[in-house]
Amino acid sequence: MTPRIAPLIAALVVAAPMASALAAGDRAGIDARYQRERQACASVADPDSRHACLRDAGAARQEALRGTLTGQEGDAAQWQRNALLRCTVHKDVIDRALCERMAQGEGQASGSVEGGGVIREIEVEIDPDPTTPR
C-alpha cells in the first residue's frame, strides 16, 4: 500500500460508523436532545453536579454521533447485563447471589432517584453454621 492511501483508508474506517449515524438526518435530533439536556443541567443548583451533568450530556452527544448510544429507552437486555455485571464486585458467593437476585427484580425497592436514591432490599434466612443439623 502506498503511503498516501493508508491514511485515506484509516480515515474511511473511522468515518464509516459516524456516517451511518448521521445518514438519516439524526444529527438534528442528536443536537436537539443535547440542547434539552443542557437546559435541564442549567437548573441544577450545585455547581459540581451541574458540571457533571453538562459533561455527561456532552459525552452522550459524542456517543450518539458515533452511533454507539442507544435511545433513551435503552436496550433492556443490555441494562440487565450491566446490572448483573455490577454484582461481580461482591467476592462472597452469597452476597453476589443476593445481588443478582435483586438485579433481576426480586425483593423490594423504596425511595426515588429524585429523593436521593433507590434502596433495594431482599430478606433471606441464612444459617450461621451450615454444618449443624436442624
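Which side chain meets that of Glu-106 in a salt bridge? I looked this up first and found Arg-101, at 2.9 Å from N to O. I count a salt bridge when a side-chain nitrogen of Lys or Arg is within 4 Å of a carboxyl oxygen of Asp or Glu. Glu-106 is partly exposed at 38% relative accessible area, and Arg-101 is partly exposed at 31%. For these classes I take buried as under 20% relative accessible area, exposed as over 50%, and partly exposed as in between, with a 1.4 Å probe and protein chains only.

**Basis of the entries**

I am working from a predicted model, in which local features need pLDDT of at least 70 and side-chain atom pairs count only at pLDDT 80 or more, while totals for chains, interfaces and linings use all residues. I number residues from 1 along each chain as its sequence is written, and side-chain values use heavy atoms, with hydrogens and water left out.

**Salt bridges**

I noted 5 salt bridges in the structure. One of them brings together the side chains of Asp-31 and Arg-61, at 2.9 Å from N to O. This pair links distant parts of the chain, with Asp-31 in helix H2 (residues 26-42) and Arg-61 in helix H3 (residues 47-66), 30 residues apart. I take helices (H or I, at least four residues) and strands (E, at least two) as DSSP runs, numbered from the N terminus. Asp-31 is partly exposed at 24% relative accessible area, and Arg-61 is partly exposed at 22%. I also found Arg-27 linked with Asp-31 and Arg-61 in a network of salt bridges.

Next I looked within H2. Glu-37 forms a salt bridge with Arg-33, and their closest N and O atoms are 3.1 Å apart. Why are Glu-37 and Arg-33 separated by about one helical turn? They are, because they sit 4 residues apart in helix H2. An α-helix has 3.6 residues a turn, so residues three or four places apart point the same way. I have Glu-37 as partly exposed at 24% relative accessible area, and Arg-33 as partly exposed at 25%.

**Disulfides**

I counted 2 disulfides, taking as a disulfide any pair of cysteine sulfur atoms within 2.5 Å. Their pattern is 1-2, 3-4, with bonded cysteines counted along the chain.

Cys-41 and Cys-53 form a disulfide with sulfur atoms 1.9 Å apart. The pair links distant parts of the chain, Cys-41 in helix H2 and Cys-53 in helix H3, 12 residues apart. I read -75° about the S-S bond of Cys-41 and Cys-53, a left-handed link. Is each of the two cysteines buried or partly exposed? Cys-41 is buried at 1% relative accessible area, whereas Cys-53 is partly exposed at 25%.

Cys-87 is joined to Cys-99 by a disulfide, S to S 2.0 Å. This pair also links distant parts of the chain: Cys-87 lies in the loop between helix H4 (76-86) and helix H5 (93-103), and Cys-99 lies in helix H5, 12 residues apart. I have the disulfide of Cys-87 and Cys-99 as left-handed, because the torsion about its S-S bond is about -75°. Cys-87 is buried at 0% relative accessibility, and Cys-99 is buried at 16%.

**Helix H5 and the patch**

I then checked the ends of H5. At its N-terminal end Asp-92 acts as the cap, with a side-chain oxygen 3.2 Å from the backbone nitrogen of Ile-94. Gly-105 follows H5 and has a positive phi, near 105°.

Ile-94 is in helix H5 and is partly exposed at 43% relative accessible area. With Val-124 and Ile-126, Ile-94 makes a nonpolar surface patch of about 240 Å². I build such a patch from residues with over 30% relative accessible area and no salt bridge, joining nonpolar side chains (Val, Leu, Ile, Met, Phe, Trp, Tyr) within 5 Å and like charges within 9 Å. The areas come from the Shrake-Rupley method with a 1.4 Å probe.

**Hairpin**

Last, I looked at the strands. S1 (residues 108-112) and S2 (residues 117-121) run antiparallel and are joined by 5 bridges; two strands pair if DSSP finds at least two bridges between them. I found Gln-108 opposite Glu-121 in S2. The hairpin of S1 and S2 has 4 residues between the strands, and Gly-116 takes a positive phi near 115° there.

Technical notes. A polar contact is a pair of N or O atoms within 3.5 Å; within protein, one must be able to donate a hydrogen and the other to accept it, and residues adjacent in sequence count only if both atoms are side-chain atoms.
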